[in-house]
Structures are given as structure tokens and as C-alpha cells.
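Me: I've got a structure open here and would like to talk through its side chains. Can we go one question at a time?

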Amino acid sequence: MYKKIIKEAINQNKLAVFVGSGVSKNSNLPDWGELIEKLKKELNTSETDYLKIAQLYYLAVGETTYLQNIKNYFNVKSKPNNIHKYIFELKPKYIITTNWDTLLEQYDKKNGKQYKIVSSDKDLVSSNIDKMIIKMHGDFNSEKFVFKEDDYINYSKDFPLIENFVKSILSTHTIIFIGYSYSDINLKYIFKWIQNSSKLQPPMFYLTFEGNKHQIRYLENYNIETIAIPEYNKRKDYGYRLERFLKELSDYVLDRDIKQILGEIDLKNSEDIEKLLDFIYEKLKVLENQNYILKDQIIEVLEECSFEFNKKKSFLYFLQNELTYGFNKNSKVLRKIYSKFTEFLLNKEEILACFNKKTQKKIEQKLNKIFDIFLHSNIDGIIVKKERNLFWSYFISGKCSNELFLLLKNLFEDSYELLEEDNSIIQMQYNIFCLYHKREYKKAFILNKELISKCFENDDYINLLFAYFNHNQLVLFLKNNVVYDEEFENDVSETWAYNLEKYDIEEKFFDLPVEIRNQLKTLKKFLTLDFINDLYIKIDDEYQKKKEQEQAIRNKEGFYFDSNVDRFYAYQKELVLFYFQNMLLIDKNFRFRQITKKLCEIELIRGLTFEKIEFDIYQLYAYIHFIDKKSFRELFIRFINDDMYKNKLVLSIELQNWLFKLLMNNYKLFKNTKTPLNFNKNDEVLNIIFLFSITQIDSKVKDKIIKQFIKMIEEYNGNLDLYKSIGEFFKIQYILYKTEVDEENINKFYSMIIEKLLKYFNWQEVNAWFYNAFEYGYFDITFTISEEVYDNEELIEKLITKISTFEYNENLKITLSFLFGLYKISKNQTKRLLKRFLITIYREAQRIDTKLHLYLLYVLDNLFKNNLIELKRLLKKYLEYIENNEYEYEYEYLEAIKHNLQVLIEKEKIKDKEILEMYQKLQNINLNKAMKGHFII
């Protein structure tokens, strides 16, 4: 960022450079500190204040000797160094120095005297040249220079015009401080001037070799940004580092690096092609260690490019004649370079054919290094030719490294098996991600601390930022007391978690080397969630438009062309890939999940215009993992109750098999997790089951699913939602697709339910959730079966024997929630045993509402024949019961009786006047508190 600011200042002729003694030191001149130490030794004083030492020396030797000795001390043969050269190449309008030497003047004279030298107020008044070298502390030629304490005290009187002029520059120009130590007294005086000036000051930059956090904060107080000069080639000497840094800065400002690459690139010259590919690779290189790269990051480092989306594919497009926002001086040059690159791709085979095999291989290797980075951004191709709405692309082939590919394959199937070794950064990331999903947060936290150290040691700044982010998420979970980890069980406490601290991502980003920071701003924006919040606003805007269109689409009012379809699909795919390829613990972030929910609904509304709705693996992964079970159901229930969506959802057999793997792996994790938060994985299990419920499933996949459901009910002891979802699966499948369960699986299913029920009755390792599900009728799927298929006389006899010892009300519940339905699909002796028990339940009924309810059920299902006399008797008694009973909650079967009586009248065409009158009386009863929905035939 600072490079762009400095470049813009140069373009506007608004750059000023302050030059300190550190620059002259590289021309073998002594610095101020060395001179002070010499004077201190001559005075034999313990004084530490530099200005007082100079003042004491002046008082001790007198003015003449003082001036002569100071001049003699600096009477060293010296000439300008390369640092001076690169300062002038920055083309500052003003070079302001506190040095007394003439090195700046010498360099300017050598290069044609472009600057006016100002060392006194008189020089400033007589200046008619726009550019100036301002020697604000004077020089030896004028015999008036600032050194001792009195000089600083009287500065405003001795240099009033220069002081005010420099102050105005500080208020109007971008400033760079070069060659000053943090403790330099000259710098402190300048800072005081800055502090007393207007708050609306231009950008200021201070170059240093040591990025001390406290010093950085101190300078920030003056709105000065610190630029830490890096080590180059592991050399620590300041002169070399400053020279190299300023060279790179001037190269950037002058576009020298780009122009050297450009020249006149001849695609018939292999060296030119290699230079071209090296240039592009160097721009991308900073992203090389990132497992998945945002497309905005590609745009950030390459510049002058964008993306096109077509048929769920992403294509990199290098801008040609398009207008863009903002100013980029390199725009024209970069576009020419990239046009050569696309020309090379367009004619690659023909161009490479001109070279020998060794050269071809070398060029291919360089090209593949670029493509490897593009593949980590899921870029399918590069547009090499574009005409109006048509474009031709060079498709990129390949995949991630074998290690990464295998790890990601496991994660995409929610298989979180830990690696035995975690020596590499990616192995550590993988194990942390797995531990997080297994809810072993403390283990993940400890390993992540090790990862931070490893990334720091390896200068892997991108993965270091990811590790900081994951640290913060783990701290959040640990502080919320959601830890369960057997190995650390005794060590986990609320106090321990409370003392954990998060990292400030902004601050940690600021600690990175400057050149890295400038290329990772988009990544920082993502990790501070600014990117997510901006994306949410963009997607919410599209969502609102889609909601407005939905009713018009339903009413068939006009035709709607959706130009953003592939772009919004790309957003979803990018979020999924960024999440699990970088193994980022962001899946519980509210905005992140809201984005997925809105993108899902956008896709569903778009589906109104299609005959079929097909999601791919990335969309399904996002919907299952990032949408909670309640919202997921609300979104997808339209495939059941909305005629415009019925039978539209299509999942390929490949996707069905992938979903089945997800189901098994998530269930395994859900079942084995002891932390209370296992309900998160429960959401994913329930989402998958519901998705299966509303989809027409391949017969082989369906068979695997049913067997898995039987296993899940058999071995798992809670929770109610899981049992309910499994029961719903059979019912929804039957309603939508008339799917029936085969005889073998029906026998397994019901035999397993009965065996588990017997265990429950015998107090054997079965909890109340199972029995609650049983009572609520979740396991009654008999209405989905049209034939008599169940036969297990031995089990039924055991069950009837056991429950015969129960009280009547308990037997009635079991009859209505389970046995009556089972009777309808049973055969042979099993059916006879059940019939006998059901008739017993009817005969022993004491309450008239129970008796009438059972009578109607049994008659409608041909358990016994209808008898009009008996029906009249029961109806009369039931009406009397209602008239005499003032408590509405006693009428739990009222709605079922009304419905079933109506069905019986229509079925048997009953004309009996008395029965019809009583039926009408029942229909006129409307009780708000009456429980509804009890076993309506």
C-alpha cells in the first residue's frame, strides 16, 4: 500500500524526503553519536544529554575552536553513495536534511543541478527553482549550523522562514524519513512540529531496521507508518539493506521492473518467453503456500484482470480495452505483458514446436508453476480471445499435490481420522481440523500453538495468519466451556479457559514484513471478516431481488434472464473450498452461515423456471454443513408441499453415494462424541436424512440407507430428532414417490424395534428417548406398505406376554402407536396373535371415547365388521359423555372420531337417519383444546 501512496505522491509532485545521518554514514562520514562520544571524552563528563554535551563543549573551548574542531571532525574524503542515488530517483519535490555535509549537493551537481540548495532563510527568499534541497540545520559553508542546546532553543529566531516552510511541507506533502534512528533528537523535534500541526495531515513513513512494537505504536500516535526494512540474502548490514530497499522502491515507482520485462517481447525467442513467465510467477509467488486462493487475491497480486463465469466454470480474463475504477500507472504496460501471455497460450503448440525438447520442457515447467497456483484458486481456464459475448479459453488441467488431494478427499467425506504423523504444516493443519470436528478442542488448541511456532520459524506468513484465526475460534469454544477431552479431563476448568487470550489479527498482520502485507490485504480482509460482511451485503441484495421476482415467476408474468447465475454459484463454491482446503474453523460464524442460507434460497427460487433442480457436490456440502437443521427443513420442505417444486429435485447416483458416506461418517462422529455440542453433528445427520427423504433414490442406494437406519436405531440410544427423521424418511418417500420397503428390510426393521422395546421393558441399556419415539409413532411406517409381509411369531408372542402385565392405559398407547399398524402388514400366525390382542384391548376399554375410537379404526381396517346397532349405541354414549364433561382436554380422540366416522359413512354408504344426525352433532363440536391428529385413517 505504501508504494502506491508514494507513487501517487510523486505523480502529484507531493513527495518530500527527510534525510538523516544514517545516509551519510554509508559514505564513511561519522554520525552524530560518534561525534558526541568524542566530545564527551574530551570533557571528561558523565552527562548523557547530547545537546548539553555539545553546549558544554562550546562553553569550554570557545566559538572559534568549537567551529574549527567540528569542521575538522567531518573533514573526511567522501562521495555520494547508492542510497543518495535512489533517493533522487524517487523524484521528491523537496529533500530536507539535518546533515551538515555536502553529499546531496554533490550528487545533484553531478546530475545536472535540478535542485536549489537552501541552507539559510536568505537562500529560501531568493529561490526560483521549484525543487529544493533544504538544509534545515545549516551547513559548514554558512558557518551557521544547529548542534548545541542553544541552537535548538534559538532555532525559531535563527531560521524562522525555513522553520515555517518545513512545517508547511509537513502539512501538505507525503513524507519519508530515511537515515534516522528512533532516538534521534532531530526526529523528536520534527515530531513535535507534526503534533502541533493540523490533524488532517498527509501520509508519513518512517524507515527502520527494527520493527519494535512499542516504537511502532509511538509513531502511530503521530500518524506515522513504520516500514521495517527486511533482510536481503540474510545480510544484516544496514547500508546494504537500505540501498536494496530503496532500489526496489524506485524500481516500483519508475515501473523499471515491468518495463525491463516488457521490452519488445518476441515469442520466437525462448529467453523472452521465460522472462515473461518468470514475471507472472513472481507476482503470484506470495500465494504459493496457500491451499486455496480467493479469486480476489489473484486480482490483487496480478492487477489488470478479472474473472468470467460460465456453466459453473471460472475463467481468468486479462483486461484489454475495458475502463476500470481507480488509477494504475502500470495499467498500459501490464496489459501489454498479459496480451503477450495470452498470445503465447493461444499459439502455444506452434510456438513451442520451434524450440528443442530441452527448451520446451523448461518453458512448460515455468508455465506449470503458474498453473499450479491458478489451480489452487479453482481457475478452469484463461480467456485467450474475446469477441462480444463469446470467448475462447485455454483450459488448465491438473490437480492439487497428492498429499493435499488425499487429505481433502477425506475431509470432503467428513472422515476425520487423525494422521499418525504431523510433521509438516499441512499435516498439522489437517489434524487440528479433525480434532476440532471431533470436539477435542483442547488437543486442537495445543497442536495449533505448535503450528503457529512452526509457521513463524518457516516464514510461512499465510498459514501463520490462518493459525492465528483458528486459535481465536478454539479460544471461543474453550471459553464457552464446551470442552470434553478424556486425556485432559482433569485439567479442563473454567479458570483455565477464562485466562486464554485471542490474537488481534489486525495487529498480527501489521507485524508481517511490509512486502508481504501489501500482497495479502484481501486475505486479511477475509480473516477479519470484513470480506464476509461485504459479501453478505452483496448476496443479500441479490436475495431481495430474487424474492421480488418469485411471485412474478409463480404467476408466469414475463420472462426472467439471470446473468448472475454462474457468479453466485462461484461464490458458494469458493467459500466451501476456502473453508476446507485451508482447514479454516469458520463454519460456525453467523454471517458465513447466513451467506450459504441465502445462496441456497436464491438457487431454489431460480429453480422455479427449470424442469429439474440439480445441485452439485459443493452446494450440497455447504447446505448440509452450514445451514442449521431448522432452516434446512424450512428451505427444502417446498419439495413436499409446493406443487411447483414436487419431483423437481434430482441427485445423481454418484452424489447419492457420496451423501451416504457423509451420513455414515457424521453419524459415527455424532454417536461417539461426548461433548454436549454433538448436536452440531446431529444437524448434519438430520439434514442428510431429510435430503434423502425428498429425493427419488436409486434402489441400491435406498437399500443401503434403510440398512443403515436399522443399524442406527438398533445401536443408538437418543436423540428424539434422529428417530423422528428416520420415520419421516419412509413416509415422505411413500408420499412423493410411492416408495415401498421390501419384505426383508421390513422384517428386520420391525423385529429390531420389538427387540429393543423388550430391552427397554426389561431395563436393559435403552433410554427414554427411544420409548418416546415409539410412543409418538415415529416407528410406525406401516401405511407405506401395501402387502402383508411381517412375520415373526416368536417375537410378537414375547412382546404380547410382556405388555399383558402392564396397566390398560400403557397397553392402549402401545396399541395405537405401534401394534395396530403392525397388524395391518402382518401375516400368518403373527397376524392372528396381534388380532387377538387388539380385540382384547377393545373389549377392556372403559372410557366411551376410547371404545368408539377403537371401534372405528378396527371396522375401517376390517378387523371386524361394522354393526349399525353397536355403532349407534357407542355414538349415543359418546355424545352424552361430551355433554356431561366440562374439561376439553378429555376429548383427545374427538377429531379422529369425526374424521373416521365420515370415512365409514362414505365407504359403507350409511343412510341411517339417527347415525347421520349424531354425525352432524359431532361435526358442530369445535374444541380448541382438543388434541388433534390421533390415528386418522
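Reply: Sure. One definition to start: a charge sits over a ring if NZ of Lys or CZ of Arg is within 6 Å of the ring centre and within 35 degrees of the ring normal. Keep in mind that this is a predicted model.

Me: With that rule, over which ring does the charged end of Lys831 sit?
Reply: The cut-off for distance is 6 Å from the ring centre. The charged end of Lys831 is 4.1 Å from the centre of its ring partner. That partner is Tyr823.

Me: And how far is the charged end of Lys188 from the centre of the ring it sits over?
Reply: Here the ring belongs to Tyr182. The distance between the charged end of Lys188 and that ring's centre is 5.6 Å.

Me: On to charge pairs: which residue does Lys213 meet in a salt bridge?
Reply: There are 49 salt bridges in the structure, and one of them has Lys213 on its nitrogen side, at 3.2 Å from N to O. It links distant parts of the chain, from helix α13 (residues 213-220) to helix α26 (residues 505-510), 294 residues apart. Lys213 is partly exposed because its relative accessibility is 39%. The partner in α26 is Glu507.

Me: What separates Glu220 and Arg217 along their helix?
Reply: These two side chains form a salt bridge at 2.7 Å, N to O. In an α-helix there are 3.6 residues a turn, so residues three or four places apart point the same way. Glu220 and Arg217 sit three residues apart in α13, so what separates them is about one helical turn.

Me: Is Lys524, the partner of Glu506, buried or exposed?
Reply: The closest N and O atoms of Glu506 and Lys524 are 3.4 Å apart. This pair ties α26 to helix α28 (residues 521-527), because Glu506 lies in α26 and Lys524 in α28. Glu506 is partly exposed at 39%. Buried means under 20% relative accessible area, and with 19%, Lys524 counts as buried.

Me: Where does Lys148 lie, and with which side chain does it make a polar contact?
Reply: Lys148 is in the loop between β6 (144-145) and α9 (149-153). Its relative accessible area is 10%, so it is buried. Among the residues it touches are Leu51, Tyr58 and Tyr66. The polar contact, at 2.9 Å, is with the side chain of Asp151.

Me: Tyr66 again! How many aromatic pairs does the structure have, and at what angle are the planes of Tyr66 and Phe147?
Reply: The count comes to 77 aromatic pairs. The ring centres of Tyr66 and Phe147 are 6.4 Å apart, and both residues are buried. Planes under 30 degrees apart count as stacked; this pair is stacked because its planes are at 25°.

Me: What is the angle between the ring planes of Tyr760 and Tyr771?
Reply: Tyr760 is in helix α39 (residues 743-761) and Tyr771 in helix α40 (residues 768-775), so the pair ties together parts eleven residues apart in sequence. Tyr771 is buried at 5%, while Tyr760 is partly exposed at 23%. Their ring centres are 4.7 Å apart and the pair is stacked, because the planes are at 10°.

Me: Last one: how many residues of α24 are buried?
Reply: Helix α24 covers residues 461-479 and reaches 27 Å from its first C-alpha to its last, close to the 27 Å expected. It's mostly covered, and of its 19 residues the number buried is 16.

Methods:
Residues numbered from 1 in each chain as written. Predicted model: local features only at pLDDT ≥ 70, side-chain atom pairs only at ≥ 80, totals over all residues. Heavy atoms only, no water. Salt bridge = Lys/Arg side-chain N within 4 Å of Asp/Glu carboxyl O. Helix = DSSP H or I, 4+ residues; strand = E, 2+ residues; numbered from the N terminus. Buried < 20%, exposed > 50% of the residue type's maximum accessible area, 1.4 Å probe, protein only. Expected span 1.5 Å × (residues − 1). Polar contact = N/O pair within 3.5 Å; in protein donor to acceptor, adjacent residues only side chain to side chain. Contact = heavy atoms within 4.5 Å. Phe/Tyr/Trp six-rings, centres within 6.5 Å; stacked < 30°, edge-to-face > 60°.
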